[in-house]
Amino acid sequence: NTGSGYEDIANNATYSGVDRDTLHINNATTSMYGYKYRAIINKNSILSNGYEFTLKFALVWTGAINTEWENAGNWGCNKLPDANTDVIINSGVTNYPVINSAAECRSINGKPNTTLEISTGASLNITGPPDN
């Protein structure tokens with residue numbers, strides 16, 4: 001469900017295992033944030049809906065290199081957050097983030113005693129509320 005109702009999917013470059021116990025989503029892009037998936041279960045010719053799963057993307061700030069938000073090495077998975085990424089800043093890291101340019105993310109979850117600095121002339125656009 002991309003927002004306009006559930007659709008059948010087929011094995012292709014994005015999906016494999018469509019008719020199996022486990023669906024594999026390959027090379028998912030953050031633009032797929034919020035897509036919902038559920039299986040149709042066929043038991044003795046009786047169809048029922050399986051549990052719904054929602055695709056989400058999150059990055060954890062590690063501060064492993066320095067304080068620069070713009071340095072991919074400071075993020076889990078060595079990627080920068082984008083408009084479809086939830087950001088998590090945990091307590092106890094050595095370097096807390098400083099934004100020095102235009103940045104964006106979907107949401108920020110800062111744990112207790114964390115900081116986020118936005119330098120003069122820089123900005124942070126938060127594009128959406130966190131999902132519960």
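## Hairpin of strands 3 and 4

In this predicted model, strand 3 and strand 4 form a hairpin with 2 residues between the strands, and Asn44 takes a positive phi near 55° there. The pairing of strand 3 (residues 36-43) with strand 4 (residues 46-54) is antiparallel and extends over 7 bridges. Within this ladder, Arg38 has Glu52 in strand 4 as its bridge partner.

## Positive phi in the loops

Most residues other than glycine have a negative phi. Asn27 is not a glycine, yet its phi is positive, at about 50°. The residue is placed in the loop between strand 2 and strand 3. Its relative accessible area is 74%, and because exposed means over 50%, Asn27 is classed as exposed. The C-alpha atom of Asn27 is separated by 9.2 Å from that of Tyr15, 12 residues away along the chain.

Asn78 also carries a positive phi, near 55°, and is likewise a residue other than glycine. Its location is the loop between strand 5 and strand 6. With 55% relative accessibility, Asn78 counts as exposed.

The loop between strand 2 and strand 3 also contains Thr29. This residue has a relative accessible area of 41% and is therefore partly exposed. Thr29 and Leu55 are 26 residues apart along the chain, with 10 Å between their C-alpha atoms.

## Nonpolar cores

The largest nonpolar core has 13 residues, of which Trp69, Trp75, Val87, Ile99 and Leu124 touch the most other members. At least two residues of this core come from each of strand 5 (58-61), strand 6 (86-89) and strand 8 (102-105). Separate from it is a second core of 6 residues, with Tyr15, Tyr33, Tyr37 and Leu55 among them.

Val87 can be described further through its contacts. When neighbours within four places in sequence are set aside, Val87 is in contact with Leu59, Trp69, Trp75, Pro81, Cys105, Ser107, Ile108 and Asn109. Two of the residues named here, Trp69 and Trp75, are also listed with Val87 as touching the most other members of the largest core.

## Strands 5 and 6

Strand 5 and strand 6 run parallel and are joined by 4 bridges. Across this pairing, Leu59 stands opposite Val87 in strand 6. Leu59 is also one of the contacts of Val87.

The two faces of strand 5 differ in cover. Leu59 and Trp61 make up the covered face, whereas Ala58 and Val60 make up the uncovered one.

## Ala103 in strand 8

Ala103 is placed in strand 8. Its relative accessibility is 9%; since buried means under 20%, Ala103 counts as buried. Beyond neighbours within four places in sequence, Ala103 is in contact with Trp69, Ser123, Leu124 and Asn125. Trp69 and Leu124 are both listed among the residues that touch the most other members of the largest core.

Ala103 and Ala122 are 7.8 Å apart in space, C-alpha to C-alpha, and 19 residues apart in sequence.

## A buried salt bridge

A search of the whole structure finds 1 salt bridge. It is formed by the side chains of Arg106 and Asp86, at 3.8 Å from N to O. Arg106 belongs to the loop between strand 8 and strand 9 (107-110), while Asp86 belongs to strand 6, so the pair ties together parts of the chain that are 20 residues apart in sequence.

Are the partners of this pair buried or exposed? Arg106 has a relative accessible area of 13% and is buried. Asp86, at 12% relative accessibility, counts as buried.

## Nonpolar surface patch

Ile9, Leu23 and Ile25 make a nonpolar surface patch of about 190 Å². Ile25 lies in strand 2, which covers residues 24-25. At 30% relative accessibility, Ile25 counts as partly exposed.

Notes:
Residues numbered from 1 in each chain as written. Predicted model: local features only at pLDDT ≥ 70, side-chain atom pairs only at ≥ 80, totals over all residues. Heavy atoms only, no water. Patch = residues over 30% accessible without salt bridge, like charges linked within 9 Å, V, L, I, M, F, W, Y side chains within 5 Å. Areas by Shrake-Rupley, 256 points an atom, 1.4 Å probe, with all protein chains shown as cover. Salt bridge = Lys/Arg side-chain N within 4 Å of Asp/Glu carboxyl O. Buried < 20%, exposed > 50% of the residue type's maximum accessible area, 1.4 Å probe, protein only. Core = buried A, V, L, I, M, F, W, Y, C linked by side-chain atoms within 4.5 Å. Contact = heavy atoms within 4.5 Å. Pairing = 2+ DSSP bridges.
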